[in-house]
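Please walk through the structure shown here, from a single loop residue outward to the chain as a whole.

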Amino acid sequence: MYKKENKCETCNIEKPPRSKHCRVCNKCVEKFDHHCVWLNNCVGINNYKWFLLFLAMHILITLYGGLAGIAIFVGQM
């Protein structure tokens with residue numbers, strides 16, 4: 001019967017469930033989601049809520065900028 005070893009081959013440590021070794025950061029991240037190039041950091045269990053807040057703030061800033069741009073454009077006409 002096949003038994004998957006629960007050890008990171010690179011770090012040589014015991015891996016928690018859903019963890020993955022990030023090749024960019026060269027460390028194991030618990031509940032690894034992805035490596036974000038905008039934050040230059042891995043998104044995992046410790047900073048997932050902050051990543052979602054980062055996305056929400058960028059959406060709000062983009063909407064505000066778009067509406068302000070439309071208002072300026074309409075005001076110029």
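Lys31 is partly exposed, with a relative accessible area of 38%. That value falls in the class between buried, which is under 20%, and exposed, which is over 50%. The model is a predicted one, and in it Lys31 sits in the loop that connects β2 (27-29) with β3 (34-36). The backbone at Lys31 has a positive phi of about 50°, although the residue is not a glycine. Most residues other than glycine have a negative phi.

Asn12 also has a positive phi, of about 65°, and is not a glycine either. This residue belongs to the segment before β1. Its relative accessibility is 53%, so Asn12 counts as exposed, the cut-off being over 50%.

Two further residues can be placed in the segment before β1. Glu9 lies there and is exposed, with a relative accessible area of 81%. Pro16 is found in that segment as well, ahead of β1 (20-22), and at 31% relative accessibility it counts as partly exposed. Each can be paired with a residue further along the chain. Glu9 and His21 are 12 residues apart in sequence, and their C-alpha atoms are 8.9 Å apart in space. For Pro16 and Glu30, 14 residues apart along the chain, the C-alpha separation is 6.5 Å.

His21 brings the description to the strands. It lies in strand β1. Is His21 buried or exposed? With a relative accessible area of 16%, His21 is buried, because the limit for that class is under 20%. The side chain of His21 makes a polar contact of 3.1 Å with the side chain of Asn26. Once neighbours within four places in sequence are set aside, the residues in contact with His21 are Cys8, Thr10, Cys11, Asn26, Lys27 and Cys28.

A second histidine, His35, lies in strand β3. It is buried, with a relative accessible area of 18%. Which residues does His35 touch, not counting those up to four places away in sequence? They are Cys22, Val24, Cys25, Asn40, Asn41 and Cys42.

After the strands comes the link to the helix. Asn46 is in the loop between β4 (41-43) and α1. This residue is exposed, at 70% relative accessible area. The C-alpha atoms of Asn46 and Val29 are separated by 8.9 Å, and the two residues are 17 apart along the chain.

Helix α1 covers residues 48-76 and contains Met57. Met57 is partly exposed, with a relative accessible area of 41%. It is one of the residues of a nonpolar patch on the surface, together with Trp50, Leu53, Ile59, Leu60, Ile61 and Leu63. The accessible area of these residues together is about 760 Å². Met57 can be part of such a patch because membership calls for over 30% relative accessible area, and its own value is 41%.

The whole chain can now be considered. It holds 1 helix and 4 strands, in the order β-β-β-β-α from the N terminus on. The radius of gyration is 20 Å, well over the 11 Å that the globule rule gives for 77 residues, so the chain is more spread out than a compact globule. Along its principal axes, the C-alpha trace spans about 75 × 20 × 20 Å.

The contacts and the surface can be described for the chain as well. Among contacts with a separation of 6 or more, residues 24 or more positions apart account for 0%. Of the 77 residues, 17% count as buried, and His21 and His35 are both in the buried class. The chain exposes about 6900 Å², and carbon and sulfur atoms supply 61% of that area.

Technical notes
Residues are numbered from 1 along each chain as its sequence is written. This is a predicted model: local features need pLDDT of at least 70, side-chain atom pairs count only at pLDDT 80 or more; totals for chains, interfaces and linings use all residues. Side-chain values use heavy atoms; hydrogens and water are left out. Patches are made of residues with over 30% relative accessible area and no salt bridge: like charges are joined within 9 Å, nonpolar side chains (Val, Leu, Ile, Met, Phe, Trp, Tyr) within 5 Å. Accessible areas come from the Shrake-Rupley method with a 1.4 Å probe; for residues, only the protein chains shown count as cover. A salt bridge is a side-chain nitrogen of Lys or Arg within 4 Å of a carboxyl oxygen of Asp or Glu. Helices (H or I, at least four residues) and strands (E, at least two) are DSSP runs, numbered from the N terminus. Buried means under 20% relative accessible area, exposed over 50%, partly exposed in between (1.4 Å probe, protein chains only). The radius of gyration is taken over C-alpha atoms; the globule rule is 2.2 Å times the number of residues to the power 0.38. Contact means heavy atoms within 4.5 Å. A polar contact is a pair of N or O atoms within 3.5 Å; within protein, one must be able to donate a hydrogen and the other to accept it, and residues adjacent in sequence count only if both atoms are side-chain atoms.
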